[in-house]
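Visitor: I'd like to go through the side chains of this model with you. Could we start with the rings and then move on to the sulfurs and a lysine?

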Amino acid sequence: MALYLTISSVGATGIFVSPSGNDQALGTQTAPFGTLQKARDAARQATKPVTIQLAGGTHYLPETLLLTPVDSQVTWQAVDGEIPVISGGVKLDLKWQPYSNGILQAQVPADVQTEEIFVNGERQILARYPNFDPKARYFDGSAADAIAKERVARWADPAGGYFHAMHPALWGGFTWRITGKNLDGEVELTGGWQNNRGGAIHKTIRFVENIFEELDAPGEWFLNTNSHTLYFHPPAGFDPANATVEVTRLTTLVELRGTESNPVRAVTIKGLTFRHANRTMMETKEPLLRTDWAIYRGGAILFNGTTDCLLQDSLIDQVGGNAVFANNFNRRITIRGCEIAKAGASGIVFLGDYAAIRNPLFNHSQRQKLSGIDQTPGPKSNNYPADCLVDDCLIYLTGRVEKQTAGVNIDVAQNITVRHCTIHDMPRAGINIGDGCWGGHLIEACDVFDTVKETGDHGSFNSWGRDRYWKLGDVPENQLPHLALLDAVKPTILRNNRWRCDHGWDIDLDDGSSNYEITNNLCLGGGLKLREGFHRRVTNNITINNSLHPHVWYADCRDVVTRNIFMKAYRPAIMKTGHWGKEIDYNLFTTTDADRKAHAADGCDAHSLTGDPLFIEPAQGDFRVRPESPALKLGFQNFPMDQFGVQKPSLKARAAAPVIPPLAATAAPPAEPAAAVGTRYWIGASLHTIEGQEFSAFGVSKDDGGVQLQQVSPGSLAAGLGFQKDDLIQAVNQRKTPDVAAFCAAMIAAADAPLSVQFSRSQKSRTVSLPNAPFVLMESADVLYKVTDK
């Protein structure tokens with residue numbers, strides 16, 4: 001009888017569920033169900049489409065809400081005017097008692113095994129060293145002695161703690177679980193698989209957490225899972241009698257699970273809030289295609305085999321891992337009008353099946369030959385996300401736990417559109433495209449800023465294209481432009497966006513990125529980098545106080561860079577002498593004619609101009625140019641400056657905006673002539689200390705640095721020893737050589753001893769050993785060193 005009444009009432013009013021409801025009720029507005037699972041089961045019996053309405057309050061899930069193809073054509077939405085919260089946690093009923101030094105303690109149920117607690121809706125700080133410092137750039141505080149033996153000696157039993165460290169080149173982070181201490185008093189660790197460019201770890205940027213003895217600051221907590229005791233150092237104003245304390249229990253709150261042949265169809269989730277999902281950093285171990293990343297295929301909301309589904313007007317708040325994940329086959333997912341805040345990993349991820357890729361490689365150092373690859377363009381199957389839309393979303397402060405993450409990440413997918421999104425305060429990129437498979441993406445009208453805040457060598461927008469053509473062996477160079485389009489079969493378009501990155505590039509097309517159209521972008525900080533790749537068109541962009549950064553281009557890359565406004569000379573790194581790209585011309589330089597002519601010998605900017613662009617109101621962020629601007633004579637066209645980012649009124653009112661930088665002088669005075677210092681040479685090779693953004697081109701950290709061999713004379717001793725142009729010497733006899741001065745000192749220190757010269761070539765470490773120090777002549781206008789062999 002109850003089932004009959006539920007079904008018969010669905011057509012008019014839908015199904016209702018409330019935290020105060022009862023699963024034995026009728027599921028009506030006046031007699032709602034008590035759980036989402038019961039509402040789902042009732043909808044399966046109803047005539048579709050059907051709406052399930054959620055009343056306000058917190059809906060604690062006993063298990064992941066699983067929606068399968070039989071749950072198609074169902075809308076899950078908030079009762080009008082109410083705020084329902086879907087929680088993967090549980091509310092604790094605690095009886096707080098004093099412990100010591102202002103710390104409180106309380107017993108918790110034996111099944112509570114959490115790494116996150118929330119007090120009155122806010123995530124608290126797991127006991128850590130060093131203490132949480134919101135002003136610190138890395139990890140909210142880091143210390144070189146995080147696992148020093150002297151510190152470890154203070155810990156009675158650190159098992160269950162975590163050690164976090166940054167990659168030495170700041171390419172994301174690593175996490176290890178502490179399993180105990182050995183007889184030498186050092187911690188024992190397992191983990192470190194979160195970064196796909198593994199190896200050494202940073203010597204100073206590191207911290208530990210979940211250590212009882214480090215519980216010493218307001219807001220910190222620790223759970224002893226053996227005694228089931230929760231310890232909490234309350235912040236000022238904490239009211240133990242009235243505080244709401246919640247802990248995480250589930251990793252995925254809602255999963256839509258279908259297949260290509262039988263997908264979940266037309267499910268809408270609207271107006272809901274999602275909270276309390278577990279951290280996932282120890283599950284982040286699956287490598288992506290020759291990128292720096294590893295990934296966990298999951299999220300608080302998981303789409304897996306769906307078509308035409310919609311997530312709209314929802315808040316995903318402080319979840320421990322990825323907020324939204326579209327895994328493998330998905331078509332026409334729309335995520336619209338949502339706010340994603342303080343996620344532990346990425347905001348939104350699209351990732352397809354590696355089995356759909358032809359000749360995939362996963363480690364940066366892996367290589368293959370032309371004779372061994374399938375030259376069929378495109379994917380092998382449909383098992384990847386395509387034709388999906390992220391529209392009008394506010395995404396901020398993600399990557400709270402995992403640093404190799406992004407606001408929106410796209411890998412092994414096609415035709416993903418990201419439109420009118422505001423994305424800010426990211427440890428790494430705001431938007432990342434990890435490979436060329438299979439292009440067709442559109443990034444437009446987005447506002448992305450305050451990015452790369454905890455890492456380096458990256459951009460507000462970042463991409464890689466380490467596809468099957470990249471670093472391919474035994475291939476004639478004239479075939480590469482064709483081969484680059486085997487995976488990047490459709491162009492990816494960046495247009496009408498605003499970017500600002502103060503710790504990297506605004507737009508960073510890194511290794512292999514090919515088939516891009518970049519137009520009408522306003523770059524406020526780090527400029528625009530193009531590393532080796534093919535078929536990039538960069539037109540009608542503005543780079544405030546910066547310029548184009550060409551790195552390591554192929555001879556026939558077919559790049560076009562025209563009708564842009566640049567405010568500095570180009571900043572090349574490891575570029576071949578000769579004609580750059582297909583066309584670099586008709587650009588406006590705002591500094592000097594010397595900047596415009598700096599690369600005339602490389603076929604650049606014969607028709608470009610120098611002058612004041614005459615921006616309309618740059619202090620207010622309006623970088624359109626006036627009718628008399630010389631940029632217009634070159635074909636530059638104004639584009640809107642008031643349509644970046646979210647447009648939904650409620651989100652726009654909450655969204656931050658980038659700081660507009662003051663303009664550098666548009667006509668810089670001639671610089672004072674520098675003191676004459678000639679080029680230094682070593683056995684027929686000219687030496688150069690790399691600096692600035694050159695570190696990225698060589699793939700080394702700023703701490704390590706190195707000495708570039710800018711030229712190696714044919715027939716010289718350097719050439720005879722096998723050195724090549726652009727080799728990067730990093731050590732002599734294990735003595736680091738971060739610059740030319742250090743290299744000179746290392747050579748002098750070697751005297752007549754044998755030499756071991758460590759250098760990097762194409763981001764691979766090599767060593768040349770010599771039985772005796774050769775005759776060395778190092779000369780410049782101001783220095784002469786001579787070391788004779790004996």
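Guide: Sure. Before any counting, here's the rule: rings of Phe, Tyr and Trp (its six-membered ring) pair if their centres lie within 6.5 Å, and planes over 60 degrees apart count as edge-to-face. Keep in mind that this is a predicted model.

Visitor: How many aromatic pairs does the structure hold?
Guide: Going by that centre-to-centre cut-off of 6.5 Å, we can just read off the total. The structure's tally of aromatic pairs is 26.

Visitor: Are the rings of phenylalanine 566 and tyrosine 570 stacked or edge-to-face?
Guide: A pair of aromatic rings is described by the distance of the centres and the angle of the planes. For phenylalanine 566 and tyrosine 570, the centres are 5.4 Å apart and the planes meet at 85°. Over 60 degrees counts as edge-to-face, so this pair is edge-to-face.

Visitor: Is tyrosine 570 buried or exposed?
Guide: Buried means under 20% relative accessible area. Its partner phenylalanine 566 counts as buried at 1%. Tyrosine 570 has a relative accessible area of 4%, so it's buried.

Visitor: Which tyrosine ring does the charged end of arginine 297 sit over?
Guide: To count, CZ of Arg has to be within 6 Å of the ring centre and within 35 degrees of the ring normal. Arginine 331 gives one case, lying over the face of tyrosine 384 at 4.7 Å from the ring centre. For arginine 297, the distance is 5.0 Å, and the ring belongs to tyrosine 354.

Visitor: Why is there no bond between the sulfurs of cysteine 393 and cysteine 421?
Guide: A disulfide needs the two sulfur atoms within 2.5 Å. Cysteine 393 is buried, at 0% relative accessibility, and its closest cysteine sulfur is the one in cysteine 421. That gap is too far for a bond, at 4.8 Å.

Visitor: How many disulfides does the count come to?
Guide: Take cysteine 501 as another example: its closest cysteine sulfur, in cysteine 523, is 11 Å away, too far for a bond. By the 2.5 Å rule, the count of disulfides comes to 0.

Visitor: Which residue's side chain makes a 2.9 Å polar contact with that of lysine 736?
Guide: Lysine 736 lies in strand S63 and is partly exposed at 47% relative accessibility. Among the residues it touches are Lys203, Gln730 and Asp704. One of these is 32 residues away in sequence, yet 7.5 Å away C-alpha to C-alpha. The side chain in the 2.9 Å polar contact belongs to aspartate 704.

Key. Residues are numbered from 1 along each chain as its sequence is written. This is a predicted model: local features need pLDDT of at least 70, side-chain atom pairs count only at pLDDT 80 or more; totals for chains, interfaces and linings use all residues. Side-chain values use heavy atoms; hydrogens and water are left out. Rings of Phe, Tyr and Trp (its six-membered ring) pair if their centres lie within 6.5 Å; planes under 30 degrees apart count as stacked, over 60 as edge-to-face and the rest as tilted. Buried means under 20% relative accessible area, exposed over 50%, partly exposed in between (1.4 Å probe, protein chains only). Helices (H or I, at least four residues) and strands (E, at least two) are DSSP runs, numbered from the N terminus. Contact means heavy atoms within 4.5 Å. A polar contact is a pair of N or O atoms within 3.5 Å; within protein, one must be able to donate a hydrogen and the other to accept it, and residues adjacent in sequence count only if both atoms are side-chain atoms. Lists of a residue's contacts leave out its neighbours within four places in sequence.
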